[in-house]
Amino acid sequence: MPSWKHRRRLIYLSFTLSAGMIIFGAATFASDSSVSRELIIGGVALISIILTAYTAFATYEDVKTRKEDNEIL
């Protein structure tokens, strides 16, 4: 698995993309509401997925590390 430094870089880039989607969708909401609405929904969904995956995999790695430490003892 890649290091956490690399993972955090990917997460920050994804957060930037989703924030850009939300901001652009909000800025163009008056001109074309259907596309803007989809951009906002997509940006919020992307942030939700990132947070869920980040916490789930961090928890999994912590549990896995603890099991390996206990097996060594």
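Where is the place of Leu17? Leu17 sits in helix α1, and we'll come back to it below.

## What you're looking at

This is a predicted model, where local features need pLDDT of at least 70, side-chain atom pairs count only at pLDDT 80 or more, and totals for chains, interfaces and linings use all residues. Residues are numbered from 1 along each chain as its sequence is written, and side-chain values use heavy atoms, with hydrogens and water left out.

## Overall layout

The chain has two helices and zero strands (DSSP runs numbered from the N terminus, with H or I and at least four residues for a helix, E and at least two for a strand). Its radius of gyration is 18 Å, well over the 11 Å that the globule rule gives for 73 residues, so the chain is more spread out than a compact globule. That radius is taken over C-alpha atoms, and the rule is 2.2 Å times the number of residues to the power 0.38. Along the principal axes, the C-alpha trace spans about 65 × 15 × 10 Å.

How much of the chain counts as buried? Of the 73 residues, 10% do, where buried means under 20% relative accessible area, exposed over 50%, and partly exposed in between (1.4 Å probe, protein chains only). The accessible surface comes to about 5,700 Å², and 67% of that belongs to carbon and sulfur atoms; areas come from the Shrake-Rupley method with a 1.4 Å probe, and for residues only the protein chains shown count as cover. As for contacts (heavy atoms within 4.5 Å), residues 24 or more positions apart account for 55% of those with a separation of 6 or more.

## Helix α1

Helix α1 runs over residues 4–27, which makes 24 residues. From its first C-alpha to its last it reaches 34 Å, close to the 34 Å expected at 1.5 Å a residue (the expected span being 1.5 Å times one less than the number of residues). Buried positions in this helix are Arg7, Ile11, Ser18 and Gly25. As background, an α-helix has 3.6 residues a turn, so residues three or four places apart point the same way.

Other α1 residues turn out differently. Back to Leu17: at 52% relative accessibility it counts as exposed. Leu17 and Leu46 are 29 residues apart in sequence, with their C-alpha atoms 9.0 Å apart in space. Thr16, also placed in α1, is exposed with a relative accessible area of 56%. Thr16 and Val63 are 47 residues apart in sequence and 30 Å apart, C-alpha to C-alpha.

## The salt bridge

How many salt bridges does the structure hold? Just one, taking a salt bridge as a side-chain nitrogen of Lys or Arg within 4 Å of a carboxyl oxygen of Asp or Glu. Arg7 pairs with Glu61, and the closest N and O atoms are 3.4 Å apart. Arg7 lies in helix α1 and Glu61 in helix α2 (residues 33–72), so the pair ties together parts that are 54 residues apart in sequence. In general, side chains of opposite charge can pair when their charged atoms come close.

Buried or exposed, how does Arg7 come out? Arg7 is buried, at a relative accessible area of 13%, while Glu61 is partly exposed at 26%. Then there's His6, placed in α1 and partly exposed with a relative accessible area of 34%. His6 and Glu61 are 55 residues apart in sequence and 15 Å apart in space, C-alpha to C-alpha.

## Ser36 and Ile40 in helix α2

Ser36 belongs to helix α2 and counts as buried at 1% relative accessibility. Which residues is Ser36 in contact with, leaving aside its neighbours within four places in sequence? They are Gly25, Thr28 and Phe29, and Gly25 is one of the buried residues of α1.

Ile40 is in α2 too, but at 26% relative accessibility it counts as partly exposed. Setting aside neighbours within four places in sequence, Ile40 is in contact with Ile22, Gly25 and Ala26. Ile40 and Met21 are 19 residues apart in sequence, and their C-alpha atoms are 6.3 Å apart in space.
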